[in-house]
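Here is a short report on how two chains meet. Look over the sequence and the model first.

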Amino acid sequence: MEPVNKHALGACLLAAILLAGGYGLGGSWLGVWAVLIMMASWFACRTYDFRWMPSVLLIVYTGIAAAGILTTVSPALMIAGSAFALAGWELADQGAGQGEPSTALRNLYQREHLKLALMSIGLGLLVAESGLLVQIAIPFGLLLLIALAVLLSLFLFHRSS
Amino acid sequence: MSAKANLVLLVVAGLFLAALASRNGSLAMMALPFLLYLLAGLLASPKDIRLGATRSVSSLRAQPGESITVTLAIQNEGSSVPRLEILEQTRSGMLIREGSLEQRLTLPSEKTAELRYTFQGPRGMYAWETIPVIVSDLFGLFEQRLDLPAQAQTLILPEQIPLRRMFIQPLHTLCTVGPNLSRLPGIGVDFWGVREYRPGDSLRWIHWRNSARHPQQFFTKEFEREEMANIGLLLDARATTNLLRGERNLLEYSTQAAAALARSLLRAGNRVSLLIVGERMVRVFPGTGKPQLARILDRLAECEPSEKLSFDALKYIPVRLFPTNSLIIMISPLRLDDDQSIARLRAEGYQVLLVSPDPIQFCASEYPRNDTSSLAIRAARLERAALLWRIRQMGVAVVDWPVDQPLSKYAREMRRAVYGMTRWNR
């Protein structure tokens, strides 16, 4: 069995609580069950060392959060849930190398990694949650242009890397 | 860009498209943590990568079962590397006893990272050219794969099987002092004959009894000269003859026999050379002493069974690589048509001793005990007996070696076989 990474475990549990809580408050019990089943599968799959399971958890939780937003569940909880799912996925990757010998340089890597992950995802969460409070009316045409510009830049970025 | 970055990009693109389709700003907000995560990775990716590596092994030659420690050191001469993944390569059969083959760490500028592991392995050459590493940002999103040159090699020698010092009596010897009786008068310990005294002969060797019978003459005792012999070891490493049984290969026994014979013959004071017919023709020129033994053991350690080799490889071996009048000790499980190759060796004037690990006995235990298999084994045994008989008829000394028996048990048979052949040829 893969060694337990307490940070990844904590982040995933928080994501599950936030998503399940959001769906629970909205009265959509199907969503709660989906979140809990996914979490249980993640625990079960750790026995078999399925390296792809954290990625599946991230995609499914993000999908569940997006579906929640579209079905009028609290967007703040859904965004926080998906951000914690991202943190859990990233920290689970750090856990993949836990069998390696502990050295000063490895400990330095783990500390720096944890710090940057929490800072970047935390800042992103803060900006996203603040954005929910600000209501700006953007015409659809401009929105389409902005979205296309973002997608094009992502595509170009992907090609250049 | 790594698979991780691609996944995050996919999620971000999906969220933006969903936001656009549903005209829901919250979905676009949900993509922000992902975008900032990507941005942090991009900003933290290493710029000036200058890494150097060295690899060292605890011993250049090891016995089977001996642990070898490999130490990798990676020096960073550029800017700090946030995430360095060392991915050491394994060789087949390597058994890691201690340490890890992978490590993920941060390597600050002007620092050195060290990875150490201990392994055991079967006979063979373990050589490394490079160390594969992945350099990336802390999240592993934007990675660069590098192969840092760091050469090292170690040899695990064939298993040592005990074989006493062998004094065989080959037909031809060199005019150098050695362990073999040359059937010529000279310096030695075995009595050879008596001749008339010549000025310069030592008084210690005067045969007093004959001298007493002939009052006007002196007689001198002669001894049989002891000389060094030229011995060539010919190892057959064709995959077609060296059968596999589970994970065991008949070639292992052949290499062990070759190593034991080389050790024994060199210790006795002979001049030994080696030719391996395997992946390529490997040659060790004739030589004596411990350095020659080390050369032979090194080549035997590297020897692998060859699939690529033509069936007729043995027929066309460059036999002239062996010095004229050598005794050739051929170690081969034999194919049915190999008698022609041995006939060629004999025709070239070499004295040949064939040590043949028995492939039928080696494989027989693999087959279930039934009428069909016992008939097949019997037929194979008959074929092999006929082949060995044909080879013996050529004046070749043959030792049929069942590999479950120790080779030392057959040492006397080898000596007798060569001696018998020498007497027959005389």
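The text below covers the interface, then one helix.

This is a predicted model: local features need pLDDT of at least 70, side-chain atom pairs count only at pLDDT 80 or more, and totals for chains, interfaces and linings use all residues. Residues are numbered from 1 along each chain as its sequence is written, chains are lettered from A in the order written, and side-chain values use heavy atoms, without hydrogens and water.

**The interface**

Contact means heavy atoms within 4.5 Å. It takes 48 residues from chain A and 44 residues from chain B. The area buried between the two chains (accessible area lost on being put together, 1.4 Å probe, summed over both) is about 4000 Å². Carbon and sulfur atoms give 80% of that area. In chain A, L105(A), Y109(A) and F157(A) lose the most area to chain B, together 15% of what that side buries.

The links between chain A and chain B are counted here.

| Link | Cut-off | Count |
|---|---|---|
| Salt bridge | Lys or Arg side-chain nitrogen within 4 Å of an Asp or Glu carboxyl oxygen | one |
| Polar contact | N or O atoms within 3.5 Å, one able to donate a hydrogen and the other to accept it; residues adjacent in sequence count only if both atoms are side-chain atoms | five residue pairs, both at pLDDT 80 or more |

The side chains of E90(A) and K4(B) meet in a salt bridge, 2.7 Å from N to O.

**A helix of chain B**

Helix α6 of chain B (a DSSP run of H or I, at least four residues, numbered from the N terminus) spans residues 289-302. Its 14 residues reach 21 Å from first C-alpha to last. That is close to the 20 Å expected at 1.5 Å a residue, taken times one less than the number of residues. Its buried residues (under 20% relative accessible area) include L293(B), I296(B) and L300(B).

Technical notes: Helices (H or I, at least four residues) and strands (E, at least two) are DSSP runs, numbered from the N terminus. Buried means under 20% relative accessible area, exposed over 50%, partly exposed in between (1.4 Å probe, protein chains only).
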